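Here is my note on the model you sent round, set out as numbered points. Please read it with the sequence and the coordinates open.

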Amino acid sequence: MLSYATLWADQIHHWGLDRPGALEQWLRLLRKQGTETLMFSVNWRDLEPREGHWTLEPLRDQLRRTLAVGLRPMVVLDAWAVPAWLFVKYPDARTVGGLE
């Protein structure tokens, strides 16, 4: 049986998980309750804020934290969160559904 929890990038602040130690405590609680996998999202705009300049340390940090408590990570790329530079370089670009 696969049991998993989801954590979307915008929930971290909303749920107060950006406070020191709060995310780790929440992850330990998930594991204690039998959760095996944490599906979490990362935003493209956060990973590549400028074209060709990747910021991967926050993703690596989340992977380390997830693995440290024995959860299996499942990473989802949130392509809705498009970096601003994309619309400058490609003015006619649109996300699916026309949202920018």
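1. Which residues does D18 touch, not counting residues up to four places away in sequence? The answer is I12 and H13, where contact means heavy atoms within 4.5 Å. D18 itself lies in the loop between helix 1 (11-14) and helix 2, and with a relative accessible area of 44% it is partly exposed, a class that falls between buried (under 20% relative accessible area) and exposed (over 50%), computed with a 1.4 Å probe and protein chains only.

2. On provenance, this is a predicted model, in which local features need pLDDT of at least 70 and side-chain atom pairs count only at pLDDT 80 or more, while totals for chains, interfaces and linings use all residues. Residues are numbered from 1 along each chain as its sequence is written, and side-chain values use heavy atoms, with hydrogens and water left out.

3. As to the overall arrangement, the chain has five helices and three strands, taken as DSSP runs (H or I of at least four residues for helices, E of at least two for strands) and numbered from the N terminus. Read from the N terminus on, the elements follow the order β-α-α-β-α-α-β-α. The C-alpha trace spans about 50 × 25 × 20 Å along its principal axes, and 34% of the 100 residues of the chain count as buried. Among contacts between residues at least 6 apart in sequence, 65% join residues at least 24 apart.

4. The packing of helix 2 (residues 22-32) on helix 4 (residues 57-68) deserves a careful look, since the two axes come within 9 Å and cross at roughly 40 degrees. The axes are lines fitted to C-alpha atoms, for helices over the stretch in contact, and the angles run from 0 to 180 degrees between N-to-C directions. That value makes helix 2 oblique to helix 4, given that angles under 35 degrees count as roughly parallel, over 145 as roughly antiparallel, 65 to 115 as roughly perpendicular and the rest as oblique. The residues that meet are L23, E24 and L27 from helix 2 and Q62, R65 and T66 from helix 4. By class, this contact has two nonpolar, two polar and two charged residues, where Ala, Val, Leu, Ile, Met, Phe, Trp, Tyr, Cys and Pro count as nonpolar, Asp, Glu, Lys and Arg as charged, and the others, Gly among them, as polar.

5. Within that contact, L23 can be examined singly: its place is in helix 2, and at 2% relative accessibility it counts as buried. Leaving aside neighbours within four places in sequence, L23 is in contact with L7 and L17 as well as with Q62 and R65. The C-alpha atoms of L23 and E51, which are 28 residues apart along the chain, are separated by 30 Å.

6. Turning to the interior, the largest nonpolar core has 15 residues, of which L7, W26, L27, L30 and L38 touch the most other members; such a core is a set of buried Ala, Val, Leu, Ile, Met, Phe, Trp, Tyr and Cys residues joined through side-chain atoms within 4.5 Å. Strand 1 (4-7), helix 2 and strand 2 (37-43) each supply at least two residues of this core, and the largest share, five residues, comes from helix 2. W26, with its neighbours within four places in sequence left aside, is in contact with T6, L7, W15, L17 and L38.

7. A second, separate core of five residues includes V82, L86, F87 and A93. Of these, L86 lies in helix 5 (residues 84-89) and is buried, with a relative accessible area of 15%. L86 touches W44 and A93, not counting residues up to four places away in sequence, and its C-alpha atom is 7.7 Å from that of E51, with their positions 35 residues apart in sequence.

8. Finally, F40 is found in strand 2 and is buried, with a relative accessible area of 3%. Its contacts, with neighbours within four places in sequence left aside, are L7, L59, Q62, L63, T66, P73, M74, V75 and V76. From F40 to L59, 19 residues apart in sequence, the C-alpha to C-alpha separation is 9.9 Å.
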